[in-house]
Amino acid sequence: RSRGLGDVYKRQSLASAGSYFDRNTIGGLEIMPMLKMIPEGLGVDQEGIEPDRYSATNVQVVGIDEPDIVKTDGKNIYFSSQGYYYWEPKPMTVFEKVIPPYEPKGETKIIKAFPADDLSLLGKIDKQGNLLLADDILIIISYDKIYGFDISNSQSPEKKWEIKLKKNNYLSGARLYNGKLYLVLQTRINKPRPCPIVPLEINGNDVTIKCADIYYPDIRFDTDVTYTGLVIDPNSGTTENKITFVGSSGNSVIYMSENALYITYRYYEDIFDFMAEFMKNEAKDLFPEWVLQKVDNLSKYDISNQAKLLELEIILSKFKSSLSDDESLRIENELRNRMEDYWDNHIRDLEKTSIVKIGLSNFQILAYGKIPGGPLNQFALDEYQENLRIATTIGRTSLPYYFRFRASQETVNDVYVLDKDLKIIGSIKDLGVGERIYSVRFINNKGYVVTFKQIDPFFVIDLSNPTKPELKGELKIPGYSSYLHPLSENLILGIGKEGSNVKISLFDVSSSENPKELSKYTLDEYWSDILNTHHAFLLDKKHKIFFMPGSKGGYVFSYNNDELKLQKAVSCLLYTSPSPRDL
């Protein structure tokens, strides 16, 4: 409540230098609204030595930290400012005088936050990125480098180590658990020289992975990347363990439990084989023998799937040109009708997700599995009692034009239960036909799934028997929820949109068969960062309040007596645009 708090809030609000409440401000406010809202004497030690409690990054699994732009240890706040671009005075070429070079200039601030009246800037680090905090080591993750800084002396942080990602390498995910840093990298495969690979260097020394150390699962699709999981000692930056396997770069999702690291990637089975099987088994009477023979010969060629599909289009084009207009029209309608029936029976045959399970105890691959469709994000996966639950959307597959029909663009949604060996032991299929998943949350033996197209079906799934999961209840309301958060055993908070406005819903799930929307609040906001990242959400269960950012400001809601009430709104109107150097 001191002038210092207001000053920091004002400066970080202005840091957006635009009309919306950006992640910089969200990070700055992660702890500050709580300091303002908590009554005197609550949440702080009366001696002013240690806080009784403090906020932390909103993570999926308790105890497994995720990178974010702000971290705190209860005394200091570590805040990484993002996205400042400006040019510094220096000798420039003629071209640069016309178009000055813009360079990213960000930094990580170390702010004394406790006690609140002593709020002050202690130090700075001239690096920016997402942060993880391992005791006295602050880890800064930028797009191509990872740094470890010793912050035991807050006023003079010291760089201890540096990891540099090599060209064509990308960070897919990072976690901090039990004092270890876990990284997952993707490396684009160099087809002429696929291995050995060198994904990164640590303190100038290359980390090399030999050909014999790359795991090749039993797969039938064209691989384009390798995945490398690493265990890093945060104190030294050295690699303690690593594992590498081949896969696909399509929509990778990383999930980590207390027992295992799960890496998923989406891929498509051979569409040409799919079409050839349809022609041979369902449409044989519509084609002359020469067409079927050419397709059969084509299936035996050792060429890419794309080349086969192109040649198939040529074969079908020649066939069509040999027909009269009347016969061409008849066959076209026959094909599309038969394909629609075939698609209904084989919709799960093309789009797949591979799942690789890496045990944390020995950091070896424990299992490999695959399921139809693809998960939305990390919340679509959850490990419970050695089983993995995963929700997927299926059906977004592009078929060759000659076989395309309207229903081929529709989707279905499934929930699968896999055992410890990643074998499917139970499933619920066809949730929200024609819709796609917008949010998922698994809590113990229950699952909550939101799909959306025009209305928001909120599904409640009973997973107490993993081999026979049951759809227990369904609630249809306008709009959708992009993020679900458990407030208690029987209360689920949903944050999403209804029309063009941000919507907050409070769901009663005490009766699985009859879920209810107890309370709803529609903000005069078109966007909240929570729709994009769960890290923007802050919950204080002790006082039954939560904080959420919007495009116009920040909001503190209570949910006492099962009712949503807006307790505090903090506007973010910009009157001036300071220089980045002033921030």
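A salt bridge is a side-chain nitrogen of Lys or Arg within 4 Å of a carboxyl oxygen of Asp or Glu. The side chains of Arg338 and Glu334 meet this rule, with 3.1 Å from N to O. The model is predicted, so local features need pLDDT of at least 70 and side-chain atom pairs count only at pLDDT 80 or more, while totals for chains, interfaces and linings use all residues. Residues are numbered from 1 along each chain as its sequence is written, and side-chain values use heavy atoms, with hydrogens and water left out.

Arg338 and Glu334 both belong to helix H8 (residues 325-346), where 4 residues, about one turn of the helix, separate them. Helices (H or I, at least four residues) and strands (E, at least two) are DSSP runs, numbered from the N terminus. Arg338 has a relative accessible area of 23% and is therefore partly exposed; Glu334, at 32%, is partly exposed too. The scale calls a residue buried under 20% relative accessible area, exposed over 50%, and partly exposed in between (1.4 Å probe, protein chains only).

In general, side chains of opposite charge can pair when their charged atoms come close. The structure has 25 salt bridges by the rule above. One of them joins Lys159 to Glu162, with the closest N and O atoms 2.8 Å apart. Lys159 is partly exposed at 41% relative accessibility, and Glu162 is partly exposed at 21%. Asp382 and Arg389 form another salt bridge, in which the closest N and O atoms are 2.7 Å apart. Here Asp382 is buried, with a relative accessible area of 13%, and Arg389 is buried at 3%. Elsewhere, Glu107, Lys109 and Lys124 are joined into one network by salt bridges that share partners.

A disulfide is a covalent bond between the sulfur atoms of two cysteines. The criterion used here is a pair of cysteine sulfur atoms within 2.5 Å, and the structure holds 1 disulfide. Its cysteines are Cys195 and Cys211, with sulfur atoms 2.0 Å apart. The torsion about their S-S bond is about 105°, so the disulfide is right-handed. Cys195 sits in the loop between strand S12 (180-188) and strand S13 (197-202), and Cys211 in the loop between strand S14 (205-209) and strand S15 (214-215), so the pair ties together parts that are 16 residues apart in sequence. Cys195 is buried at 16% relative accessible area, whereas Cys211 is partly exposed at 35%.

Two helices also pack against each other. Helix H5 (residues 271-282) and helix H7 (residues 305-321) do so at an angle of about 35°, with their axes 8 Å apart. The axes are lines fitted to C-alpha atoms, for helices over the stretch in contact, and angles run from 0 to 180 degrees between N-to-C directions. Ile271, Phe272, Met275 and Met279 of H5 make the contact with Asn305, Lys308, Leu309, Leu312 and Leu316 of H7, where contact means heavy atoms within 4.5 Å.

Further along the chain is an open sheet of 4 strands, in the order S34-S35-S36-S37, with antiparallel pairing. Two strands pair if DSSP finds at least two bridges between them. Strand S34 (538-540) and strand S37 (565-571) stand at the edges with a single partner strand each, so one side of each is left without a neighbour in the sheet. From one strand to the next, the twist averages 15°. Strand S35 (residues 545-549) pairs with strand S36 (residues 553-558) in the antiparallel sense over 5 bridges. Pro549 has Gly554 in S36 as its bridge partner.
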